[in-house]
Amino acid sequence: MTENGAYDYDVVVIGGGAAGLSGAMALARSRRSVAVVDAGEPRNSPAEGVHVLLGREGIAPRELVARGREELRSYGGVVIEGEVVGASRGDDGLFAVTLGGGRVLRARRLLVTTGLSDELPDVAGLRGRWGRDVIHCPYCHGWEVRGQRIGVLSTGPMSVHQVLLMRQLSDDVVFFAHTAPPVGAEDRDRLAARGIEVVEGEVVAVETDGDRLSGVRLADGRVVERDALTVATRMVARTSFLADLGLTVQEHPMGLGEHVPVETGGRTAVPGVWAAGNVTDLMAQVGAAAAAGTMAGAQINADLVMEEADRAVERMRARRPFSAAAEARVHEAVAGEHRHGL
Ligand SMILES: Cc1cc2nc3c(=O)[nH]c(=O)nc-3n(C[C@H](O)[C@H](O)[C@H](O)COP(=O)(O)OP(=O)(O)OC[C@H]3O[C@@H](n4cnc5c(N)ncnc54)[C@H](O)[C@@H]3O)c2cc1C
């Protein structure tokens with residue numbers, strides 16, 4: 001027997017980062033029973049701090065999540081540490097969410113906030129430095145590397161944009177042409193005019209000195225000294241375990257990776273399932289992920305409110321002694337009296 005009879009929670013939230021915890025908070029504060037299942041690996045966990053986050057600037061990523069969990073619990077929300085391995089919808093319309101250990105949670109609605117995986121370019125040593133001195137985002141890490149010797153690894157057309165952004169942060173910026181298609185004439189002029197050196201040749205590894213990046217090694221053996229390397233990742237929504245649900249990913253329109261498409265507010269193509277944060281918006285930073293989670297939580301609550309109101313109307317009508325036709329005649333008679341000023 002479950003807590004509510006047929007189901008355990010109104011909503012199960014899969015993934016407890018900024019998006020999932022914010023969505024759960026909106027639901028818990030609306031007196032919805034909600035459980036967040038979280039595997040505990042927020043995307044930014046390799047980084048020292050969360051930046052451009054008003055009111056919590058520089059907070060450690062895991063501390064932010066820990067605070068969010070406590071805030072959620074203070075409204076009765078439940079946090080379950082674990083991994084969701086599958087989900088399906090039964091004939092009764094309820095979702096069954098299966099956890100790694102075999103536990104199954106039944107819920108009326110799902111919110112998917114599992115984030116994304118960053119697939120790094122195939123260069124030796126990148127993963128080990130990721131989020132520290134191998135970086136991707138000037139707003140997350142730029143201030144921390146300002147004035148340093150920065151490299152940008154070209155992997156596609158967006159790399160020119162990336163190197164121009166990094167140039168705003170340092171006078172010493174090198175563009176590694178790597179294996180990307182050659183830069184066009186207009187962009188070459190932009191790089192030259194901004195004093196950005198272009199280094200031709202494939203990058204094969206990053207060099208380290210103790211626990212810090214010291215340079216970039218090219219296939220011909222040259223080493224270019226650098227303090228930080230900026231890369232673009234292929235961003236892939238974490239949803240493979242939700243295939244049974246019918247939730248599919250699509251190639252992102254800007255070629256950034258794969259995401260779950262949603263309507264405004266987070267409704268997916270699968271009835272009863274919402275998604276928010278990086279799993280659908282690959283570019284969302286923490287603030288945007290949290291805002292999208294809140295919106296999705298609010299929309300799920302509204303959806304449940306309407307379902308419950310409709311069911312209440314059905315029950316009310318079933319209890320009335322009149323037939324629908326008799327009821328309509330009563331309404332018409334009352335309306336007639338009003339028309340005649342009685
Ligand atoms: C290195 C780095 C640094 C960054 N720095 C910043 C910064 O300074 N400022 C900023 O605003 N943004 C920063 N970002 C972006 C930030 O990480 C994302 O905006 C944010 O994490 C998105 O939140 P989310 O809730 O969508 O996903 P996440 O925070 O990734 O949370 C998803 C959660 O779902 C869990 N999960 C996944 N699969 C399952 C499953 N099957 N079952 C259960 N749980 C699951 C994960 O373990 C994780 O806890 C950075 C990103 C990176 C890579």
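Me: When do two strands count as paired in this predicted model?

Reply: Two strands pair if DSSP finds at least two bridges between them. The model here is predicted. Take β9 (residues 150-153) and β10 (residues 173-176): they pair in the parallel sense over 4 bridges.

Me: What holds the strands of a sheet together?

Reply: Strands of a sheet pair through backbone hydrogen bonds, either parallel or antiparallel. For one position in this structure, look at Gly 151, which stands opposite Val 174 in β10.

Me: In what order do the strands of the parallel open sheet run?

Reply: Read β8-β15-β9-β10-β11. That makes 5 strands, and the pairing is parallel.

Me: Why is one side of β8 and of β11 left without a neighbour in that sheet?

Reply: β8 (134-135) and β11 (197-199) stand at the edges. Each has a single partner strand, so one side of each stays free of a neighbour in the sheet.

Me: How do I read the open sheet with mixed pairing?

Reply: Start with the order again: β7-β16-β18-β17, 4 strands. The edge strands are β7 (116-119) and β17 (250-251), and each pairs on one side only. Then go inward. Strand β16 (residues 234-237) pairs with β18 (residues 257-259) in the parallel sense, over 2 bridges. Within that pair, Met 235 stands opposite Gly 257 in β18.

Me: Now the ligand. Which residues come nearest?

Reply: There are 37 residues around the ligand. Asp 38, Glu 41, His 51, Ala 284 and Val 286 come nearest.

Me: What polar partners does the ligand find at Asp 38, His 51 and Ala 19?

Reply: Check whether each partner atom is in the side chain or the backbone. For Asp 38, an N or O atom of the side chain is 2.7 Å from an oxygen atom of the ligand. For His 51, a backbone N or O atom lies 2.7 Å from a ligand oxygen. Ala 19 offers a polar backbone atom, 3.0 Å from an oxygen atom of the ligand.

Me: How much of the ligand does the protein bury?

Reply: Taken alone, the ligand exposes 990 Å². The protein buries 98% of that.

Me: Which elements give two or more residues to the shell, and how do the shell residues divide?

Reply: The elements are α1 (18-28), β2 (34-38), α4 (138-141) and α7 (286-319). By class, the shell holds 14 nonpolar, 17 polar and 6 charged residues.

Me: Where does the ligand lie with respect to the domains?

Reply: Domain 1 (9-118 + 236-312) and domain 2 (121-230) both give residues to the shell, so the ligand lies between them.

Notes: Residues are numbered from 1 along each chain as its sequence is written. This is a predicted model: local features need pLDDT of at least 70, side-chain atom pairs count only at pLDDT 80 or more; totals for chains, interfaces and linings use all residues. Side-chain values use heavy atoms; hydrogens and water are left out. A residue is near a molecule or strand if one of its heavy atoms lies within 4 Å of it. A polar contact is a pair of N or O atoms within 3.5 Å; within protein, one must be able to donate a hydrogen and the other to accept it, and residues adjacent in sequence count only if both atoms are side-chain atoms. Accessible areas come from the Shrake-Rupley method with a 1.4 Å probe; for residues, only the protein chains shown count as cover. Ala, Val, Leu, Ile, Met, Phe, Trp, Tyr, Cys and Pro count as nonpolar, Asp, Glu, Lys and Arg as charged, and the others, Gly among them, as polar. Domain bounds come from an automatic or database domain assignment.
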